[in-house]
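Q: Please take a close look at the aromatic rings of this model, at what sits over them and at what they join, and then say how the enclosed space inside the chain is lined.

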Amino acid sequence: MIPAPTGLTRLYIIVGDPIAQVRSPAGVTAAFAARGHDGILVPVQVSSADLPDFLSVAIRLKNLDGIVVTIPHKFACYQACAGATERAHFLRAVNLMRRRADGSWHGDMVDGLGFVGAARAKGIDPLGMRALLIGAGGAGSAIALALLEAGVAEIAIHDPVQERRDALIRQLNGLGKGRAQVGTADPFGFNFIANATPAGMKDGDPLPVDVTRLCPSTYCGCVITRPEISPFIREARKIGCVTSTGTDMYQQHQGIMVDFLLGTEGE
C-alpha cells in the first residue's frame, strides 16, 4: 500500500507536452514505496515556451529531488544539467534528472535501454540485424545508440527534419559500431523496425512506415504508450510480426529510472 503524502514526502515531477499519455507516475511511486522511500511522482504539462521558467523555479524547490523528462523537452533539459552520464553527453539529451548534493541537476538518458530491453524480452536479439529507425528526436537518438551498442550491423534513420537526421547519422558513424545511413518510410529489407515518433497518438495520424512492405519475420517496436496498442503495432500484428509497445518499453526501464533517481553514482 502506498502511504499518503505528507510534508516530509520527497517530490518528483514528470514534465512534458502533452502529458496525458504517461504511465510513469503510478508505477514509479509504487516502486518508491516498495523500496521504503517516501516519494511521489506527479505529471506536469509544460510547453516548450514555458520550460525555461519551469526549470528556473524547479531548481529552487527544496523538496523536489528529481525530474523525469518526456516529449518534447529531452534536449532542452540536458542544457539544464550541471552533470550527466556519458551516454547523455553523447546524445546531448536526458530523460532523467536527479538533484545533486550541491543542488544542481545530474542527467541520464535511458530510453534506448528500455527499448532494447523490450525487444530482448520478446526473444529478439538485435545483434547483426538491419534496423530502421523512424524519428531522430530525443528517444530516437537514444534508441539508435542502444541498437548500435547491442550490435546491429546497420541502422537507417528516417526523420522529416533532415538536419537533425544527418547530424545523428554523422555522430553515430563516429562510434565505429555499425553503419548508420539515411532511411525512408519503406521497411522492406529490414528485420528490426523502431518507431520513435508520436505518430499514432492522435486519430488520423499517418502510419510511421508503409506497413504493406513489412515481412512477418520483421520485429516492430514502438515508443507510444497511449493508445497502448498503437495503429502501427496493430497493423504489424495483423501481418504476424513480433512486436513491443511503449508500455513494454516502460516496464523494462522503470527499475533503471528508480535506481537513477534514488542513486548518486556517476557524480
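A: In this predicted model, the charged end of Arg130 is placed over the ring of Phe190, at 4.5 Å from the ring centre. A second contact of this kind involves Arg98, whose charged end sits over the ring of Phe260, 4.1 Å from its centre.

Rings also meet other rings here, and the structure contains three aromatic pairs. One of them joins Tyr12 and Phe32, with 4.6 Å from centre to centre and 40° between the planes, a geometry that counts as tilted. Because Tyr12 belongs to strand β1 (residues 10–16) while Phe32 belongs to helix α1 (residues 24–34), this pair ties together parts that are 20 residues apart in sequence. As for solvent exposure, both Tyr12 and Phe32 are buried.

Another pair is made by Phe115 and Phe192, whose ring centres are 6.3 Å apart and whose planes stand at 50°, so this pair, too, is tilted. The Phe115–Phe192 pair links distant parts of the chain, since Phe115 is found in helix α5 (residues 111–121) and Phe192 in strand β10 (residues 192–195), with their positions 77 residues apart in sequence. Both Phe115 and Phe192 are buried, and together with Tyr219 these two residues form one aromatic cluster.

Helix α5, which carries Phe115, also takes part in enclosing a space, for it is among the helices that each supply at least two residues to the lining of the largest cavity, the others being α4 (86–91) and α6 (138–149). The structure holds one cavity of 30 Å³ or more, and the volume of the largest cavity is about 50 Å³. Its lining is made up of Arg87, Leu91, Met109, Gly112, Leu113, Ala142, Leu145, Ala146 and Glu149. Of the contributing elements, α6 provides the largest share of this lining, namely four residues. In chemical character, the lining residues of the largest cavity divide into six nonpolar, one polar and two charged, where Gly is counted as polar, and Arg and Glu as charged. Gly112 is therefore the polar member of the lining, and Arg87 and Glu149 are its charged members.

Methods:
Residues numbered from 1 in each chain as written. Predicted model: local features only at pLDDT ≥ 70, side-chain atom pairs only at ≥ 80, totals over all residues. Heavy atoms only, no water. Phe/Tyr/Trp six-rings, centres within 6.5 Å; stacked < 30°, edge-to-face > 60°. Buried < 20%, exposed > 50% of the residue type's maximum accessible area, 1.4 Å probe, protein only. Lys NZ or Arg CZ within 6 Å of the ring centre and 35° of its normal. 1 Å grid on protein atoms, 1.4 Å probe; cavity = no way out; pocket = protein on both sides within 12 Å on 5 of 7 lines; lining within 4 Å. Points joined across faces, edges and corners; volume = space filled by probe spheres on them.
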